[in-house]
Amino acid sequence: MRKKILSLLLAAALSAAVFTGCSDNKDNTNTETTTQSSQDETTTADNSQQKEKIDINMAVLKGPTAIGFIKAWEDSDNEIASNNYKVTAYGAADEISAGIIKGDIDVAAVPCNLASVLYNKTNGEIQVAAVNTLGVLYMVTTGEEINSISDLKDKTIYSTGQGTTPEYTLNYILTQNGLTPGTDVNVEYKSEAAEIASLLSENEDAIAMLPQPYVTTVLLKNKNARIIFDMTEEWSKVSDNASLVTGVVIVRKSFIDEHKEAFDSLMKDYESSASYVNDNIDEAAALVERHDIFAANVAKEAIPYCNITFKTGDDMKKDINAYLEVLYTANPASVGGTLPDDNFYYIP
């Protein structure tokens with residue numbers, strides 16, 4: 001009888017222990033679940049805050065400087081970009097300048113020297129954040145073999161851009177190779193690239209310097225034409241390995257002050273877009289046509305020669321400084337009268 005009572009007491013004690021243990025585990029589980037739920041809610045709130053999109057008014061020119069952003073532009077239209085990019089493609093740089101000065105445009109892809117002009121004109125109210133396009137100038141010929149810049153002595157070169165950056169670029173490269181423009185080399189400037197294309201088709205030994213996509217158009221229409229010099233490569237040879245710069249990304253300083261995180265996310269989108277363009281030429285060409293920059297068949301051939309890039313930080317600064325110094329020496333007005341100081345550069 002005594003043993004039976006002890007057994008009953010022991011069983012009751014064990015049952016109580018099991019019940020208590022289950023109860024404790026349930027409480028711990030509830031506590032963990034509550035804690036996890038709180039963490040999830042916090043994470044969701046943080047993600048929601050990080051993913052908040054804003055409208056960014058962006059301007060590009062109808063040309064190579066627009067190509068690097070084309071995938072981000074498309075992603076924005078499909079509502080999968082980091083922000084809502086309200087992109088407008090302009091035919092002339094002057095239209096972009098007016099929009100930047102008025103504050104109607106937040107971010108723009110523009111020629112490098114225009115960025116310097118706007119910096120001076122706005123008393124430092126814009127900054128350059130990236131190089132998006134290196135040189136797009138090429139020299140082509142329909143004549144005899146030319147292997148070096150020095151072989152251009154006593155030749156005639158047709159070009160557009162008199163009194164602007166193409167002239168300063170050509171003169172610099174010729175001079176650095178020991179040739180004096182106007183003396184050793186005759187340069188004839190034409191107002192329209194189409195006129196130069198006609199000269200190339202009419203002459204068996206013509207030489208011309210043209211930008212993309214006009215170079216590609218000439219090559220597609222004239223089987224005798226061929227590229228002899230990539231002026232970006234020739235610039236690097238005589239400019240301490242600094243790259244010839246065509247296009248840059250600029251932003252209003254007041255926009256950065258108000259929306260720095262949004263702008264930094266735009267920069268990431270831009271970099272990814274530039275990589276996409278270089279890695280997916282056919283798809284990028286289709287987007288170029290869809291957004292009315294130029295025809296897909298021309299874009300497909302031109303993109304490999306447009307030097308689409310995305311340089312920031314010290315690499316950007318080095319290339320732009322070297323380029324602007326050459327332009328300033330040729331004509332101070334081409335950079336806005338003075339060379340910009342270090343505040344010109346947006347380096348996070």
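Two strands are taken to pair if DSSP finds at least two bridges between them. Helices (H or I, at least four residues) and strands (E, at least two) are DSSP runs, numbered from the N terminus. The structure is a predicted model, in which local features need pLDDT of at least 70 and side-chain atom pairs count only at pLDDT 80 or more, while totals for chains, interfaces and linings use all residues. Residues are numbered from 1 along each chain as its sequence is written, and side-chain values use heavy atoms, with hydrogens and water left out.

Confidence is expressed as pLDDT, the predictor's confidence in each residue, from 0 to 100. The chain has a mean pLDDT of 88, and 85% of its residues reach 70 or more. Among the elements of the chain, the lowest mean pLDDT (43) belongs to helix H1 (residues 2-50) and the highest (98) to strand E4 (residues 126-134). The pLDDT is below 50 over residues 1-35, a stretch with 0 contacts in the model beyond near neighbours in sequence; contact means heavy atoms within 4.5 Å. Residues 37-49 also have pLDDT below 50, and this stretch has 0 contacts beyond near neighbours in sequence. Where pLDDT is low, the predicted coordinates should not be read in detail.

One open sheet consists of 6 strands in the order E2-E1-E3-E10-E4-E11, with mixed pairing. Strand E2 (84-90) and strand E11 (308-311) stand at the edges with a single partner strand each, so one side of each is left without a neighbour in the sheet. From one strand to the next, the twist averages 25°; axes are lines fitted to C-alpha atoms, for helices over the stretch in contact, and angles run from 0 to 180 degrees between N-to-C directions. Strands E4 and E10 run antiparallel and are joined by 7 bridges. Leucine 134 stands opposite valine 245 in E10. Helix H3 (residues 70-77) packs on the sheet, where it touches strand E1 (55-61) and E2, and its direction makes about 125° with that of E2. Helix H10 (residues 253-279) lies across E1, E2, E3, E4, E10 and E11 and runs at about 150° to E10.

The structure holds 12 salt bridges, each defined as a side-chain nitrogen of Lys or Arg within 4 Å of a carboxyl oxygen of Asp or Glu. One of them joins arginine 252 to aspartate 106, with the closest N and O atoms 2.5 Å apart. This pair links distant parts of the chain, 146 residues apart: arginine 252 is in strand E10 (residues 245-252), and aspartate 106 is in the loop between helix H4 (93-102) and strand E3 (107-111).

Another open sheet has 5 strands in the order E7-E6-E8-E5-E9, again with mixed pairing. Its edge strands, E7 (186-189) and E9 (226-230), each pair on one side only. Strand E6 (residues 156-159) pairs with strand E8 (residues 207-211) in the parallel sense over 2 bridges, and tyrosine 158 stands opposite alanine 208 in E8. Helix H8 (residues 214-221) lies across E5, E8 and E9, at about 130° to E8. Helix H6 lies across strand E5 (137-141), E6, E7 and E8, at about 170° to E7.

H6 (residues 165-176) also packs with helix H13 (residues 313-330), at an angle of about 95° and with the axes 10 Å apart. The two helices H6 and H13 are therefore roughly perpendicular to each other (65 to 115 degrees). Thr165, Tyr168, Thr169 and Tyr172 of H6 make the contact with Tyr323, Val326, Leu327 and Ala330 of H13.

Note on methods. Parallel < 35°, antiparallel > 145°, perpendicular 65-115°, else oblique.
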